[in-house]
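Work through the exercises below with the sequence and the model at hand. Each task is followed by a solution in steps.

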Amino acid sequence: MIKLNEYIGCIHGHSVYSDGSGTYPKIISAAIEAELDYLMMSDHMTLQGKDEGFVGWHQNLFLSIGYEINDPEDQHHYLAFGLDKTLPETYSHKEYLKAVKDKNALGIAAHPLEERDSKNSLPGFPPITWRSLDYPEIEVIEIWNMMSHWLESTTLKNRYWNVVHPRSFSTSPSKKIMQWWDKANIEKKVTGVGSVDVHAKKIKILGFFSKAIFDYKIMFKSIRTHLLIDKPILKSTSVSDTEQIIFNTIFQGKSFISNYRRGDARGFRFWAEMEDKEIQMGEMGFSRRAILRAIIPEKSICKVIRNGKVFYLQETKELNLKVHEGLYRLEIERDERGWIFTNHIRIKES
Ligand SMILES: [Zn+2]
Ligand SMILES: [Zn+2]
């Protein structure tokens with residue numbers, strides 16, 4: 001197994017510069033306490049945190065700041081990282097998809113297929129969605145957005161339980177997204193990330209204030225994206241080069257998503273071996289046969305998904321599975337709840 005360096009972080013957060021409740025110093029200390037290696041913040045329609053100089057190292061935390069773009073109808077939310085200036089607010093989603101791509105920035109479609117239970121959903125939180133994701137510029141999507149999933153799963157019936165147990169409801173990414181994602185990847189590569197979408201705002205539900213549910217530190221201990229990078233990131237590397245390494249790793253899909261609530265997934269690995277080569281998540285290999293291998297930190301249910309369907313299932317700490325061509329990813333479950341979700345490995349015959 002090739003040695004890779006693992007960096008664990010959270011993507012998608014809001015500060016007081018948009019509709020979050022925390023200042024940057026407060027958010028940074030919450031991320032340090034949660035022992036994140038990196039954090040990617042994304043206020044709505046502003047780069048103020050970046051303009052004020054918060055991007056860079058804060059002890060062992062690397063902070064990157066992009067922003068969350070919306071169209072004039074407040075739909076098609078899109079995270080953009082690596083822009084120096086915000087784009088015109090009048091842009092339609094097609095215009096900002098193109099502009100982000102043209103400027104070589106990283107774009108991530110946020111809560112892309114969000115929906116609501118039409119009869120029981122909480123009033124005042126309409127779905128913010130993409131309707132269609134069939135644009136060539138869409139190359140990275142959120143497959144598991146903690147806040148969006150909370151709103152999707154919280155109904156008039158279960159709201160008290162979900163307020164008191166904010167992380168317990170989120171048992172896996174939505175089936176609709178995963179189906180879209182597997183299908184899309186048969187045609188073209190689309191990378192998945194996990195995100196928190198933390199605001200840390202108190203939401204009033206029938207006179208009951210949800211105090212800590214969206215607190216930064218609690219959210220930083222939920223959905224995380226683990227990056228696997230060939231070379232260690234040195235603090236002597238420039239801030240912009242460090243951002244580029246992180247953005248490229250996300251773009252390439254050399255990552256997996258974990259829910260920290262189900263356990264610390266540090267040390268998990270998934271790769272394919274063929275002849276004299278090793279293929280990582282986000283990569284494609286050419287061979288008539290390969291061995292899928294995984295190391296899982298705790299004995300768990302390991303599901304191998306091939307071309308969108310469960311292909312193999314075993315309770316194990318290690319996977320060694322002979323396969324032929326296909327599009328493979330893993331889902332790891334503990335106590336029937338989703339723990340780890342990987343990006344795809346592609347194996348082609350020629
Ligand atoms: Zn959003
Ligand atoms: Zn957001």
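**Exercise 1.** Which residue is the bridge partner of M40 in β4?

Solution. The model is predicted. Start with the two strands: β2 (residues 38-44) runs parallel to β4, and the two pair over seven bridges. Within this pairing, M40 is matched with S64.

**Exercise 2.** Describe how β4 pairs with β3 and with β5.

Solution. Take β3 (residues 56-58) next: its pairing with β4 is antiparallel and has three bridges. In that pairing, L61 of β4 lies opposite H58. The two strands make a hairpin with two residues between them, and Q59 in the turn has a positive phi of about 50 degrees. Then turn to β5 (residues 78-81), which is also joined to β4 in the antiparallel sense over three bridges. Here E68 has L79 in β5 as its bridge partner.

**Exercise 3.** Why is strand β4 described as largely enclosed by the rest of the structure?

Solution. Count the buried residues of β4 (residues 61-69): eight of the nine are buried, so the strand is largely enclosed by the rest of the structure.

**Exercise 4.** Find the domains and the largest nonpolar core.

Solution. First divide the chain into domain 1 (5-262) and domain 2 (269-348). Their C-alpha centres are 25 Å apart. The contact between them involves 22 residues of domain 1 and 17 residues of domain 2. Now look for the core: the largest one has 83 residues, and I108 is among those with the most contacts inside it. Strand β16 (residues 290-306) gives the largest share, seven residues. Each of the two domains supplies at least three residues to this core. Finally, list contacts of I108: leaving out residues up to four places away in sequence, they include L79, V140 and V193.

Key: Residues numbered from 1 in each chain as written. Chains lettered and ligands numbered in written order. Predicted model: local features only at pLDDT ≥ 70, side-chain atom pairs only at ≥ 80, totals over all residues. Domains from an automatic or database assignment. Contact = placed C-beta atoms within 7 Å. Core = buried A, V, L, I, M, F, W, Y, C linked by C-beta atoms within 7 Å. Buried ≥ 20, exposed ≤ 12 C-beta atoms within 10 Å, placed from the backbone. Helix = DSSP H or I, 4+ residues; strand = E, 2+ residues; numbered from the N terminus. Pairing = 2+ DSSP bridges.
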